[in-house]
Amino acid sequence: MTDNILRDLPPEFAPLRSLLETNLLPYIKIITDEVGYLDSAEDTDPLEPWQSKIGGHPYLPKDTSYPVDGETGEMMMFLMQVNCADLPIIDGFALPRQGILQFYSGLNVPMCELSPEQHHILYFPEISQDKNNLVTDFSFLASTSEQLEWYRDIYALRFVLQQDVFWQARSLYDSLNIPEELTALSREFDEWIWNYEQENNLVEQRGNKLGGYVELHSYVDETIEGAKGRLLLELNHPSEVDDNFYFFVEDCDLINLDFSKVESYFFRQ
């Protein structure tokens with residue numbers, strides 16, 4: 001995305017080019033390919049249990065309890081899972097290089113609030129492809145899956161390494177270290193980059209990702225203003241496009257593959 005921005009940069013902003021190039025930040029873009037639909041919890045998932053996916057049935061060893069909402073006690077909604085062997089490697093972003101990383105949500109999560117008890121992450125460092133070791137009958141989710149917020153569309157996932165400056169988000173968090181002599185010009189650039197991203201639909205194109213910075217729209221900046229750590233996942237759900245999920249993790253916890261303290265937020269536009 002930033003390659004296009006640099007290509008289209010107006011001459012008056014040429015003094016900012018070096019700053020933009022220096023602040024390029026890699027992230028992992030999530031690309032979704034719709035492959036099917038679960039009409040009920042008893043339906044067969046067209047994807048294998050260990051594949052990267054949104055929706056469908058999760059990879060679940062028989063000795064693992066299905067996650068429940070810490071406040072309501074209801075079965076959670078399976079959002080997505082990542083087979084970590086599919087991921088590009090980013091220096092300084094210590095995502096697991098193997099295993100399955102999963103994200104779950106409660107069915108009635110409050111908007112714009114930190115709600116760790118109503119989101120859940122599971123990580124399985126080793127993957128078994130012997131289905132005798134895995135849960136394959138998810139009929140126990142039947143009553144929960146009938147609720148309107150249960151996501152039934154199934155998407156296979158692909159992952160692409162990209163880079164961007166995330167100018168607006170990083171300006172908000174003062175992480176660009178703009179030299180004093182460029183401050184006035186950067187304020188003019190604020191307006192240009194906002195219009196450019198809107199015209200080229202860049203916010204939506206970057207919306208599903210691992211790493212990087214959160215896309216700022218609606219009240220998102222207020223929603224995640226107090227988030228601790230770096231962005232782990234931003235998910236703008238492809239079948240419910242108004243639903244946005246955010247997960248943040250401290251670097252030290254990510255290095256230790258400890259996802260128990262991940263902060264999570266939900267926002268509906």
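In which loop is the place of N177? In this predicted model, N177 sits in the loop between helix 4 and helix 5, and its phi is near 50°, a positive value in a residue other than glycine. The briefing below begins with the overall fold, then turns to the largest pocket, the cysteines and the two residues with positive phi.

**Overall fold**

- The protein contains eight helices and ten strands, and its radius of gyration of 20 Å is close to the 18 Å that the globule rule gives for 269 residues, so the protein is as compact as a globular protein of that length.
- Measured out along the principal axes of the protein, the C-alpha trace spans about 65 × 35 × 30 Å.
- Of the 269 residues in the protein, 49% are buried.
- When contacts between residues at least 6 apart in sequence are considered, 70% of them join residues that are at least 24 apart.

**The largest pocket**

- The largest pocket has a volume of about 410 Å³, and among the 21 residues that line this pocket, those closest to its centre are V203, E204, Q205, G207 and N236.
- Four elements each supply at least two residues of this lining, namely strand 1 (25–37), helix 5 (183–199), helix 6 (202–205) and strand 8 (230–236), and the largest share, four residues, comes from helix 6.
- Sorted by class, the lining of the largest pocket holds ten polar residues, six nonpolar residues and five charged residues.
- E204, which is among the residues closest to the centre of the pocket, belongs to helix 6 and is exposed, with a relative accessible area of 57%.
- Between the C-alpha atoms of E204 and P179 there is a separation of 30 Å, although these residues are 25 residues apart along the chain.

**Cysteines**

- A disulfide is a covalent bond between the sulfur atoms of two cysteines, and a search of the whole structure finds zero disulfides.
- For C84, the closest cysteine sulfur is that of C252, and because the two sulfur atoms are 18 Å apart, they are too far from each other for a bond, given that a disulfide is counted when the sulfur atoms lie within 2.5 Å.
- The reverse search, starting from C252, leads back to C84 at 18 Å, which is again too far for a bond.
- The surroundings of the two cysteines can be stated separately: C84 is buried, with a relative accessible area of 2%, whereas C252 counts as partly exposed at 49% relative accessibility, a value below the cut-off for exposed, which is over 50%.

**Backbone at F166 and N177**

- Most residues other than glycine have a negative phi.
- F166 has a phi near 50°, which is a positive value in a residue other than glycine, and this residue lies in the loop between strand 6 (153–164) and helix 4 (167–172).
- N177 likewise has a positive phi near 50°, and its loop joins the stretch between helix 4 and helix 5.
- Are F166 and N177 buried or exposed? F166 is buried, with a relative accessible area of 2%, whereas N177 is exposed, with a relative accessible area of 67%.

Conventions. Residues numbered from 1 in each chain as written. Predicted model: local features only at pLDDT ≥ 70, side-chain atom pairs only at ≥ 80, totals over all residues. Heavy atoms only, no water. 1 Å grid on protein atoms, 1.4 Å probe; cavity = no way out; pocket = protein on both sides within 12 Å on 5 of 7 lines; lining within 4 Å. Points joined across faces, edges and corners; volume = space filled by probe spheres on them. Nonpolar A, V, L, I, M, F, W, Y, C, P; charged D, E, K, R; others polar. Buried < 20%, exposed > 50% of the residue type's maximum accessible area, 1.4 Å probe, protein only. Rg over C-alpha atoms; globule rule 2.2 N^0.38 Å. Contact = heavy atoms within 4.5 Å.
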